[in-house]
Amino acid sequence: MHNAVTNDQIADVLDQVADLLEFEAANPFRIRAYRNGSRIARDLTESLATLSADPERQLTDLPGIGKDLAEKMDTLLTTGRLPLLEEIFERVPQSVLSLMRIPGLGPKKASVLYRELGITTLAALKAACEADQVRALKGFGTKTEEAILAGMELAAAAGERIYWADADRIATQLLSHMKSCPTIEQMQMAGSYRRRRETVGDLDLLVDSEDATKVMDHFGRFSEIKSVTGRGETKMSVRLESSLAIDLRVVSTDSFGAALQYFTGSKAHNVRLRGMAKARKLKINEYGVFAGEKKIAGRTESGVYTALELPCFPPELREDREEFDWAANGAMPELVDLSDIRGDLHMHTTATDGKCTLREMVEAAKDRQLQYIAITDHSQRVTMARGLNPDRLRRQWREIDKLRKEVDGITILKGIECDILEKGGLDLPDDVLAEADYVVCSIHYGQNQPRKQITDRMLEAIEHPYTSAIAHPTGRLINRRKPYDVDLEAVLRAAAEHKKLLELNAHPSRLDLDDIGCASARSHGAQVVIATDAHTIVGLDVMRYGVMQARRGGLTKKDVANSRSWDDLKKWLGGRTR
DNA sequence: GCCGTTTTCGGCCCGACTGTTTTCAGTCG
């Protein structure tokens with residue numbers, strides 16, 4: 001018996017099929033269909049297993065999934081395998097996929113290497129390059145051979161995405177460097193960085209200037225650059241010491257908006273947009289929107305969208321998920337903004353594993369214009385963090401009472417991050433929880449339990465009369481262990497029903513509810529609370545990353561609980577809190 | 001392989017750059 005097949009696993013298989021079909025030079029549109037299917041699986045707000053099992057619905061309801069792909073997904077769901085992939089592996093060795101990961105080496109060239117030299121592995125390719133065999137092939141030359149060898153070293157580091165927050169540091173440095181170039185009219189970062197994806201693969205800088213040469217020369221003097229990997233009339237590519245790639249594109253004022261739209265993407269969003277343009281007998285490219293020969297938009301980004309009778313989508317939403325439907329139905333969400341956030345409901349102090357005192361945290365929150373905060377140290381089960389037992393917790397609350405009298409202009413809530421115990425149930429007695437203003441429940445132990453058990457533990461915590469919120473139900477650190485396995489849909493349903501908040505961890509290295517969970521939360525009517533889980537004063541500053549995640553998930557001010565005043569929120573939570 | 005205001009066939013986004021050619025294919029975004 002195989003384990004439950006996840007959307008990501010299905011997406012990976014479909015991607016492999018697409019890669020291998022490309023290698024075999026299959027119909028490019030068939031390849032695109034598989035890639036599209038992969039993206040749909042990855043982005044879906046619920047598990048394909050759930051959707052497939054629902055008698056009311058079908059996989060073919062998903063736009064882009066037809067009869068064939070639906071069948072293949074079902075096969076994967078029920079057997080964990082895909083006969084088509086196994087058939088392809090009989091013709092093509094799996095390891096050729098690694099060849100295509102080398103920058104500059106696509107399916108066609110990889111295929112030639114395989115057919116002519118029988119190369120299937122990176123090691124064999126390296127040997128062939130060093131033996132000067134590759135340059136002898138038709139369509140290859142010495143430059144290609146050199147590029148392959150250089151690319152191989154790069155291949156390990158390349159393709160790795162970095163946190164948005166890290167990309168932000170580099171982007172800020174770059175923009176500040178470019179500012180001193182006098183021939184620049186305007187410039188903007190585009191790409192996934194502008195779309196605020198939680199990780200960024202490379203940076204795209206778009207510049208409006210009449211003197212591309214000067215701009216590119218100036219760009220080339222950015223101190224972090226290790227090598228220039230390409231330079232043409234209007235486009236230049238470099239790689240930084242950190243191996244991050246940056247693309248620069250120089251356009252004229254006339255085209256800046258169209259180029260900004262184009263290079264912001266996403267690719268899927270743009271493909272969709274181009275299709276819509278075509279249906280209106282318009283052509284759209286990075287220079288503008290054209291009716292025949294006549295350019296009808298391009299100077300501004302909003303102009304491009306207006307020409308297609310579309311709203312200027314916030315970049316965070318440009319993923320070809322639901323944004324076009326929202327636009328068509330006049331239901332574009334007004335996304336939540338950092339300035340909407342009035343309170344932070346999760347933070348720690350020196351009482352447990354925080355690095356700053358209660359007073360320091362309160363002062364820091366005031367500095368950040370927060371109207372209310374909840375102090376939520378760990379409960380006793382978290383021994384590593386010296387979690388609070390009832391006595392110590394009540395002592396902290398008396399301290400808060402004192403502080404309330406000394407500090408005005410901010411509401412300090414008596415809270416607790418109460419553990420959900422391994423065997424179920426909460427880590428503190430009901431009479432203690434009843435005295436708290438705010439109780440957020442977390443799982444720190446027993447994270448490897450089966451899905452059903454984890455889900456039941458969470459549901460019990462949600463149904464408990466004195467709890468206010470449930471912490472990061474899909475919480476996972478990027479590049480770290482896999483998240484614990486939980487029926488997120490059930491958690492969201494219960495949270496909505498029992499009026500409990502769903503905590504979205506704002507830290508940039510977390511992919512908590514990210515886009516997927518947010519969309520689900522919205523569809524269930526569950527309220528999200530964006531929280532920093534700050535352990536230090538500067539920890540409070542990650543709130544903006546949480547807001548970014550929420551925006552990508554299409555959440556409005558109304559969906560985010562801590563954009564309300566505490567009085568309103570308290571009312572919404574009902575009689576449980578004081 | 002998907003899809004339908006060109007609806008069951010015949011389309012499917014578009015351009016820059018590179019290296020190899022000697023007029024263009026492959027790769028990338």
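Which element gives the most residues to the surface near DNA strand B? Let's find out, one close-up at a time, in this predicted model.

**View 1. Helix α2 at the DNA.** The answer is α2, which contributes five residues to the surface near DNA strand B. Around this strand there are 47 residues, and R32, G64, G141, Y262 and K278 come nearest. By type, the surface near DNA strand B has 19 charged, 15 nonpolar and 13 polar residues.

**View 2. Backbone atoms meeting phosphates.** Here you can look at polar backbone atoms of the protein beside phosphate oxygens of DNA strand B: the one from G106 is at 2.8 Å, the one from T234 is also at 2.8 Å, and the one from E233 is at 3.0 Å. Elements that give two or more residues to the surface near DNA strand B include α7 (107-117), β5 (225-231) and α14 (267-279). Sugar or phosphate accounts for 74% of the strand's atoms within 4 Å of the protein, and bases make up the rest.

**View 3. Where domain 2 touches domain 3.** Chain A is divided into three parts: domain 1 (7-160), domain 2 (164-328) and domain 3 (338-572). In the contact between domain 2 and domain 3, the former supplies 15 residues and the latter 13. Together they bury about 1200 Å², with 52% of that on carbon and sulfur atoms.

**View 4. A salt bridge between R544 and D168.** These two side chains meet at 3.0 Å, N to O. Between domain 2 and domain 3 there are three salt bridges. On the side of domain 2 that touches domain 3, helix α10 (residues 164-179) gives the most, with three residues. That side holds nine charged, five nonpolar and one polar residue.

Methods:
Residues are numbered from 1 along each chain as its sequence is written. Chains are lettered from A and ligands numbered from 1 in the order in which they are written. This is a predicted model: local features need pLDDT of at least 70, side-chain atom pairs count only at pLDDT 80 or more; totals for chains, interfaces and linings use all residues. Side-chain values use heavy atoms; hydrogens and water are left out. Domain bounds come from an automatic or database domain assignment. Contact means heavy atoms within 4.5 Å. Buried area is the accessible area (1.4 Å probe) that two parts lose on being put together, summed over both. A salt bridge is a side-chain nitrogen of Lys or Arg within 4 Å of a carboxyl oxygen of Asp or Glu. Helices (H or I, at least four residues) and strands (E, at least two) are DSSP runs, numbered from the N terminus. Ala, Val, Leu, Ile, Met, Phe, Trp, Tyr, Cys and Pro count as nonpolar, Asp, Glu, Lys and Arg as charged, and the others, Gly among them, as polar. A residue is near a molecule or strand if one of its heavy atoms lies within 4 Å of it. A polar contact is a pair of N or O atoms within 3.5 Å; within protein, one must be able to donate a hydrogen and the other to accept it, and residues adjacent in sequence count only if both atoms are side-chain atoms.
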